[in-house]
Amino acid sequence: MRVVTVAQMKQIEKLADANGVSYYQMMENAGTAAYRILRQRVPHAKHIAVVAGKGNNGGDGFVMARLAAQDGLSVTVVLAEGEPVTRDAKTNYALLHALPVTIQTADTVRSIHADVVVDALYGTGFHGSLRPSGQKACDFMRTSGAYVLALDVPSGLQADTGIAADGAVKAQCTVAFDSFKQVHIAPAAAAFCGTVVLADIGVPDACHPHA
Ligand SMILES: NC(=O)C1=CN([C@@H]2O[C@H](COP(=O)(O)OP(=O)(O)OC[C@H]3O[C@@H](n4cnc5c(N)ncnc54)[C@H](OP(=O)(O)O)[C@@H]3O)[C@@H](O)[C@H]2O)[C@@H](O)CC1
Ligand SMILES: [K+]
């Protein structure tokens with residue numbers, strides 16, 4: 001079982017990019033793999049809400065939102081922290097405009113009724129404690145009553161330690177991308193991660209440490 005630090009994960013992605021698997025392609029693969037896992041775990045889902053942050057974790061969520069809309073599901077995207085800021089997340093957000101996807105801001109988050117909530121708020125980039133906007137989005141996810149699927153890391157947990165900030169998301173399932181991080185194996189984080197499923201995002205074996 002491969003467990004890496006966030007710094008090692010960044011290095012792995014950098015090597016993969018240098019070896020022909022672009023960052024954009026890895027995001028596409030991550031969102032696609034997570035969507036497949038979601039369909040397996042909640043086959044009857046009709047309405048999904050994707051709670052997106054402004055980094056690449058949000059970008060993975062936009063890929064899922066696109067695939068779900070193309071599949072005929074009702075899709076709501078919540079921009080919990082405003083519009084995306086990273087290049088690939090921006091590109092994937094723009095692709096949603098041609099699809100029947102409802103875009104909402106954090107202000108209206110409480111009125112959403114979904115059977116699945118995708119936690120695409122923060123992944124390995126989370127640090128510190130939850131700020132008010134993130135807290136509000138996490139409160140929605142914790143209390144929605146929906147099946148919560150977290151992308152890479154349940155929001156509010158530090159990937160390298162598994163330490164949870166007050167108000168962190170508790171997911172039924174967490175899809176870990178490429179490699180496990182400490183959060184996926186730390187006993188204290190188990191109740192937040194739920195079932196952890198590892199997803200291949202197309203990184204060549206040789207890009208991993210000690211490969
Ligand atoms: N590299 C790749 O290409 C691939 C990466 N992949 C995916 O990307 C994820 C890593 O993406 P990432 O590095 O962009 O960080 P991410 O987890 O989105 O968080 C950063 C954002 O959160 C914010 N933020 C942080 N703490 C906060 C707080 N307390 N309160 C409020 N805001 C806070 C922070 O804002 P800032 O602190 O800068 O204001 C920033 O906007 C990884 O887990 C995987 O899912 C896959 O697609 C595969 C390819
Ligand atoms: K997440």
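**Exercise 1. In this predicted model, find which residues Asn57 is in contact with, leaving aside its neighbours within four places in sequence, and decide whether Asn57 is buried or exposed.**

Solution. Once the neighbours within four places in sequence are left aside, the contacts of Asn57 are Ala120, Leu121, Tyr122, Gly123, Gly125, Leu151 and Asp152. The next step is to place the residue, and Asn57 turns out to lie in helix H3, which covers residues 56-70. To judge burial, we count C-beta atoms: a residue is called buried if 20 or more others lie within 10 Å of its own. Asn57 has 27 other C-beta atoms within 10 Å, and therefore it is buried.

**Exercise 2. Work out how far helix H3 reaches from its first C-alpha to its last, and how many of its residues are buried.**

Solution. Helix H3 has 15 residues, and at 1.5 Å a residue a reach of 21 Å is expected. The distance from the first C-alpha of H3 to its last is 21 Å, close to that expectation. Turning to burial, we find that 13 of the 15 residues of H3 are buried, so that the helix is mostly covered. After H3 comes Gly72, which has a positive phi near 90°.

**Exercise 3. State which residues UniProt lists for "binding site", and find the largest C-alpha distance in this group.**

Solution. The UniProt record, an unreviewed entry, lists Asn57, Asp119 and Ser155 under "binding site". Although these residues are spread over 99 residues of sequence, they cluster in space, with a largest C-alpha distance of 9.8 Å. We can look further at Asp119, whose place is in strand S4, residues 116-120. Since 33 other C-beta atoms lie within 10 Å of it, Asp119 is buried. Beyond its neighbours within four places in sequence, Asp119 is in contact with several residues, among them Val51, Leu151, Pro154 and Ser155, and Ser155 is itself one of the listed positions.

**Exercise 4. Describe the shell around ligand 1: which residues come nearest, and which element gives the largest share?**

Solution. There are 30 residues around ligand 1, and of these Gly55, Asn56, Asn57, Gly123 and Gly125 come nearest. The elements that give two or more residues to this shell are H2 and H3. Of the shell, the largest share comes from H3, with 5 residues. Sorting the shell by residue class gives 11 nonpolar, 14 polar and 5 charged residues.

**Exercise 5. Identify the residues that touch the most other members of the largest nonpolar core, and examine what surrounds Ala52 and Val118.**

Solution. In soluble globular proteins, nonpolar side chains tend to be buried together. The largest nonpolar core here has 66 residues, and the ones that touch the most other members are Val50, Val51, Ala52, Val78 and Val118. Helix H2 gives the most to this core, namely 7 residues.

We take Ala52 next, which lies in strand S1, residues 47-52. It counts as buried because it has 32 C-beta neighbours inside 10 Å. When residues up to four places away in sequence are not counted, Ala52 touches, among others, Gly58, Val78, Leu79 and Ala120. The C-alpha atoms of Ala52 and Glu81 are separated by 7.5 Å, although the two residues are 29 apart along the chain. For Val118, with residues up to four places away again not counted, the residues touched are Ile48, Val50, Val51, Gly61, Met64, Leu149 and Leu151.

**Exercise 6. Explain why the span of helix H2 agrees with its number of residues, and name its buried residues.**

Solution. Helix H2 runs over residues 23-41 and has 19 residues, so at 1.5 Å a residue it should span 27 Å. Its end C-alpha atoms are 27 Å apart, which agrees with that value. The buried residues of H2 include Met26, Met27, Ala30, Tyr35 and Leu38, and also Glu28 and Asn29.

**Exercise 7. Find what phi Asp152 and Asp178 have, and whether Asp152 and Asp178 are buried or exposed.**

Solution. Most residues other than glycine have a negative phi. Asp152 has a positive phi of about 70° although it is not a glycine, and for Asp178 the phi is likewise positive, at about 70°. Asp152 is found in the loop between strand S5 (147-151) and strand S6 (173-177), while Asp178 is found in the loop between S6 and helix H6 (182-185). Asp152 counts as buried because it has 29 C-beta neighbours inside 10 Å, and Asp178, with 24 such neighbours, counts as buried too.

Key. Residues are numbered from 1 along each chain as its sequence is written. Chains are lettered from A and ligands numbered from 1 in the order in which they are written. This is a predicted model: local features need pLDDT of at least 70, side-chain atom pairs count only at pLDDT 80 or more; totals for chains, interfaces and linings use all residues. Helices (H or I, at least four residues) and strands (E, at least two) are DSSP runs, numbered from the N terminus. The expected span of a helix is 1.5 Å times one less than its number of residues. A residue is buried if 20 or more other C-beta atoms lie within 10 Å of its own, exposed if 12 or fewer, and partly exposed in between; C-beta atoms are placed from the backbone. UniProt positions are given in the numbering used here, feature names are shortened, and annotations may be inferred rather than shown by experiment. Two residues are in contact if their C-beta atoms, placed from the backbone, lie within 7 Å. A residue is near a molecule or strand if its C-beta atom, placed from the backbone, lies within 6 Å of it. Ala, Val, Leu, Ile, Met, Phe, Trp, Tyr, Cys and Pro count as nonpolar, Asp, Glu, Lys and Arg as charged, and the others, Gly among them, as polar. A nonpolar core is a set of buried Ala, Val, Leu, Ile, Met, Phe, Trp, Tyr and Cys residues joined through C-beta atoms within 7 Å.
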